[in-house]
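Open your viewer and keep the selection panel at hand. We will go from stop to stop, picking something out each time and looking at what is there.

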Amino acid sequence: MATQDIFGRPLQDLRISVTDRCNFRCVYCMPKEIFGSHYPFLARRELLTFEEITRLTRVFAGLGVRKLRITGGEPLVRKDLPELIEMLANIDGIEDITLTTNASLLPQHAQALVDAGLNRVTVSLDAIDDDVFKAVNDVNWPVGPVLEGIEAASEAGLNPVKVNMVVKRGMNEGQIVPMAEYFRKTPHILRYIEFMDVGNSNGWRLDDVVTAAQIRDAIDAVWPIEPLEPNYTGEVASRYRYTDGAGEIGIISSVSEPFCSTCTRARLASQGQLFTCLFAGRGFDLRTPLRDDSVDDEQLAEIIRGVWRQREDRYSEQRTSETAPLQWKVEMSHVGG
Ligand code: SAM
Ligand code: SF4
Ligand code: SF4
């Protein structure tokens, strides 16, 4: 049986950040003023190697992990990523591998990723209008190549492609309906995400959050939608279908309707720290025991089991309450979304 935390939540999913670097500077994630040329990104030797990630993942699989999500930073800026996917796909017990990407490098890599064993892809796209998108990614990257990345993934067999749009007031809420219009009647599933207070650099304020209810109403006013049953317990997105049969959308209400009680996700940062919550202040160093020749896999398993058994994170449920922990939090680009 999978290892359980203090609230009985099993360890089932592992998000692996393969790099803290990115070719975008999305204003809500890696603002240029902070993540500039002097930012202390990790050196190569600090990153876990593919062999180290694979060994750790095998240990996690032994503890109950079945699903992996590869993320970052931008995972496709890590060289030879398909090699890692292939190594992970061969681990006993791993049933599903997903990649989260900004899709800028997806057209040239989609087929190799699928051949290596990738099962699914989530593409982040925060606007369908070029000017809005360029202002969000802050590196002048146009929408066209991202759409090409989505099509490349689809042609390579990664269907349906999920498209994630973070909605932030004053940034792109005017794109809620145009994005719906673009992705209606396509096989891809658009998912809207409430802007979260991850890390310390994105200047988050509750007023900037466009809530799930507001997003739902904005779409429903143009094309009526109705709720769908979740695909499985613990699914983070609430599903809706267009009543005219034009497909489905998802809304992820991490702020207004948190889902900590079903959170089965562990996160492995690129230099080998284990985080038990997206909003954690500190991670548990797994790289030191991993690089210590005297520590075997069973001992690694014991360390991870010990961390998970003590897990009591439920930050999103506490965020707006008086008990909310006021703390330094890890950056999204560091731990992976
Ligand atoms: N670079 C890849 C990408 O953008 O898909 C993977 C890493 S990125 C950190 C993962 C996801 O986190 C993206 O969909 C991004 O939009 C989302 N994200 C980053 N900061 C966020 C925030 N403050 N609130 C909500 N989502 C956020
Ligand atoms: Fe890079 Fe993804 Fe963060 Fe944008 S959201 S800056 S693409 S890591
Ligand atoms: Fe999981 Fe932490 Fe997010 Fe709650 S706040 S859903 S515990 S990652």
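## First stop: a loop residue

Select V295, which lies in the loop between α8 (287-290) and α9 (297-309); helices here are DSSP runs of H or I with at least four residues, strands are runs of E with at least two, and both are numbered from the N terminus. Before going on, note that this is a predicted model, in which local features need pLDDT of at least 70 and side-chain atom pairs count only at pLDDT 80 or more, while totals for chains, interfaces and linings use all residues. Residues are numbered from 1 along each chain as its sequence is written, chains are lettered from A and ligands numbered from 1 in the order in which they are written, and side-chain values use heavy atoms, with hydrogens and water left out.

Is V295 buried or exposed? V295 has a relative accessible area of 15%, so it is buried (under 20%; exposed is over 50% and partly exposed lies in between, with a 1.4 Å probe and protein chains only). Now show its surroundings: setting aside neighbours within four places in sequence, V295 is in contact with R55, P289 and L300 (heavy atoms within 4.5 Å).

## Second stop: helix α1

R55 is your link to the next selection, residues 50-62, which form helix α1. Its 13 residues should span 18 Å at 1.5 Å a residue, and the end C-alpha atoms are indeed 18 Å apart; the expected span is 1.5 Å times one less than the number of residues. Colour the buried residues of α1: F50, E52, I53, T54, L56, T57, V59, F60 and A61. After the helix comes G64, with a positive phi near 125°.

## Third stop: two helix pairs

Add α2 (residues 81-89), which packs against α1 at about 25° with the axes 10 Å apart. Axes are lines fitted to C-alpha atoms, for helices over the stretch in contact, and angles run from 0 to 180 degrees between N-to-C directions. The two helices, α1 and α2, are therefore roughly parallel (under 35 degrees). Show F50, E51, I53, T54 and T57 of α1 with L81, E83, L84, M87 and L88 of α2 to see the contact.

Next, select α3 (residues 106-116) and α5 (residues 144-155), whose axes come within 8 Å and cross at roughly 15°. That makes α3 roughly parallel to α5 as well. Here L106, P107 and A110 of α3 meet P145, E148, G149, A152 and A153 of α5.

## Last stop: cysteines

Finish with C22, buried at 18% relative accessible area, and C277, buried at 11%. The whole structure holds zero disulfides (pairs of cysteine sulfur atoms within 2.5 Å).

Terms used: Parallel < 35°, antiparallel > 145°, perpendicular 65-115°, else oblique.
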